[in-house]
Amino acid sequence: MNCSVSANPIECFAFREFSVMADYSLPQGSLFLGFDSSTQSLKATVLDANLNIVAQEIVNFDSELPHYKTKDGVYRDPSVNGRIVSPTIMWVEALDLILQRLKSELDFSKIIAVSGSGQQHGSVYWKRGSSGILSSLDPKKPLVDQLGDAFSVKESPIWMDSSTTEQCKAIEKGVGGAMELSNLTGSRAHERYTGPQIRRIYETQPEAYQDTERISLVSSFMASLLIGSYACIDHTDGAGMNLMDIKERAWSKKALEVTAPGLEEKLGKLAPAYAVAGLIASYFLERYQFDKNCLIVQWSGDNPNSLAGLTLNSPGDLAISLGTSDTVFGITTEHKACLEGHVFPNPVDVKGYMVMLCYKNGSLTREDIRNKCADKSWDVFNTFLQQSEPLNGGKLGFYYKDHEIIPPLPVGFHRYVLENFNGLTLEGVKECEVAEFDAPSEVRALVEGQFLSMRAHAERFGMPSPPKRIIATGGASANNSILSSIASIFGCNVYKVQSSDSASMGAALRAAHGWLCDKNGNFVPISSMYMDKLEMTSLNCKLAAPAGDQQLVSKYALLMKKRVEIENRLVEKLGRL
């Protein structure tokens, strides 16, 4: 679906006339800018026409925008259980700041396309009349001074929020059950998903909802700033809302009706991830000297952009992203409804799908254990991991600093010792819950526990087992001790790419891809840009950890089975959904 140009604010540009002779080359000397608006920071990666990184930049919200007083980029509401939000205007200020820094390194007139990645599911609520503010920004003033009053809800619910349990239940009931919603939209109702968040805003802040002109995702919000009008939500990120018919790639009337009244008008139109959202706004032409023909390609979610940046194109491969959240994702040719995990349209393929599992307790929980057990030192953490034996002597841990998504368990730490566990059989094995482990065992229980859970749920979701390979990304992918544990538990080689920030790199690659699709007048395979030359680009991945010993992999399979048994009992006793 492409939007055409009209007198109304541009939603997205139609592709130009089809070019009979497809040319997949990128103009030499040109640059492609990709952003990642994540939980804790705004990052940028710039690729040249040979798809090599020429610049990277980052703005950390806590340390560089301290006046917002966020912790880990968010506010945790002590008065509402599970409510976690971020100040919307902070993301606006970060954009100007990162562009100021990049301008000292780059000639912006050489940037011919920009795209971006946004933390998935987060939502922004534009106040009535804000489209006029957006279209008439004064380049002499920073964005933060002009958009402070543009939002009907000042704090954006983000993916870490788990305050919408009742809204999830109501939405699932309204469409005929959790499996029916998964079949319709690609996922059952999840607390962090945008649909339940919108319903909660409607129920608890009805006046703010009524005063809302447009609801954006973080991705389409940032794209809107860049084009000076409301950008479309793209198909891939739109699938993370419980609102889009995943097969039709259009808003589902049934899902909209059970979420909130008048919602379709507030959401605007949908567009393919490779479409052009519009030309860069005059604000950025005058303030930063971008070229007037610079294209803004649809932004999408962070995990979909990582899929692009990791050049994941084989159904046998998996990616594991180790960031604020931990995710496991791959690609498939068909959509199968499931009660855990998520299905999105593939952001760089017109027919395929992306499948994903998401864990809320990622880097922040690892840092918490590091601080408590390893003197706040990753070196000490890694030493403990290397000193302790694989399988951890049968010690298993469940570590939830925040309400977890998989499994749906509340905040809490649970530790067990498996008596008589030898890795050969579960006969005679008994688990005993304990209050604490020694420091090395605690570190290994944390790391092994996460990847045992990933393997178990990935297999249950129908992901390849064992995968042909795993490509690791995210901040913790720089830790080779952690990657070795992944290789041992999954039983396959683990690779990583040059940059741990695959989301902003994937966004820069998608900027180039969108530019190429626009130039050729139709969709072109993204692999056409790097086919036969991947090793000469920044997209190339290298072996980081070889597959584990097969006997050890089999022993981990037994440990995984026992972990699943304990997990199932915890869910029966404590589960939120």
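User: Why is Arg214 called buried?

Analyst: In this predicted model, Arg214 has a relative accessible area of 8%. The cut-off for buried is under 20%, so Arg214 counts as buried. Arg214 lies in strand S10, residues 212-217.

User: What makes the link from the side chain of Arg214 to the backbone oxygen of Lys266 a polar contact?

Analyst: The side chain of Arg214 reaches that oxygen of Lys266 at 3.2 Å. A polar contact needs a pair of N or O atoms within 3.5 Å, one able to donate a hydrogen and the other to accept it. At 3.2 Å the pair is inside the limit, so the label fits.

User: And why is Gln28 called exposed?

Analyst: Gln28 comes out at a relative accessible area of 60%. Exposed means over 50%, so Gln28 gets that label. Gln28 sits in the segment before strand S1 (31-37).

User: How do you know what Gln28 touches, leaving aside its neighbours within four places in sequence?

Analyst: Contact takes heavy atoms within 4.5 Å, and on that basis Gln28 is in contact with Ala49 and Asn50. With Asn50 there's a polar contact too, side chain to side chain, at 3.5 Å. The rule says within 3.5 Å, so the pair makes the cut. Thr39 is another story: Gln28 and Thr39 are eleven residues apart in sequence, and their C-alpha atoms are 34 Å apart in space.

User: How do you know that helix H16 and helix H18 pack, and at what angle?

Analyst: Their axes are 9 Å apart and make an angle of about 35°. H16 covers residues 378-387 and H18 covers residues 480-490. Phe381, Asn382, Leu385 and Gln386 of H16 meet Ser481, Ile482 and Ser485 of H18. By class, that contact has three nonpolar, four polar and no charged residues.

User: What makes a cavity count here, and how many are there?

Analyst: A cavity is a set of points where a 1.4 Å probe fits but cannot get out. With a floor of 30 Å³ or more, the count comes to one. The largest cavity has a volume of about 160 Å³. Among its 20 lining residues, Asn361, Tyr399, Leu446, Gly449 and Gln450 are closest to the centre. H15, strand S22 (395-400) and H17 each give two or more residues to this lining, with H17 contributing the largest share, six. The lining divides into ten nonpolar, seven polar and three charged residues.

User: What makes the largest pocket a pocket, and what is its volume?

Analyst: A pocket is an open set of points, with protein on both sides within 12 Å along at least five of seven lines. The largest pocket has a volume of about 750 Å³. Of its 38 lining residues, Lys43, Leu322, Gly323, Thr324 and Gly475 are closest to the centre. H15 supplies the largest share of that lining, four residues. Split by class, the lining holds nine nonpolar, 21 polar and eight charged residues.

User: What is in the lining of the second largest pocket, by class?

Analyst: Eight nonpolar, six polar and ten charged residues make up that lining. The pocket holds about 400 Å³ of space. Arg188, Leu339, Glu340, Ile405 and Pro408 lie nearest its centre, out of 24 lining residues. Helix H17 (439-461) and helix H20 (550-574) are the elements giving two or more residues, and H20 has the largest share with three.

Technical notes
Residues numbered from 1 in each chain as written. Predicted model: local features only at pLDDT ≥ 70, side-chain atom pairs only at ≥ 80, totals over all residues. Heavy atoms only, no water. Buried < 20%, exposed > 50% of the residue type's maximum accessible area, 1.4 Å probe, protein only. 1 Å grid on protein atoms, 1.4 Å probe; cavity = no way out; pocket = protein on both sides within 12 Å on 5 of 7 lines; lining within 4 Å. Points joined across faces, edges and corners; volume = space filled by probe spheres on them. Nonpolar A, V, L, I, M, F, W, Y, C, P; charged D, E, K, R; others polar. Axes fitted to C-alpha atoms, helices over the stretch in contact; angles between N-to-C directions.
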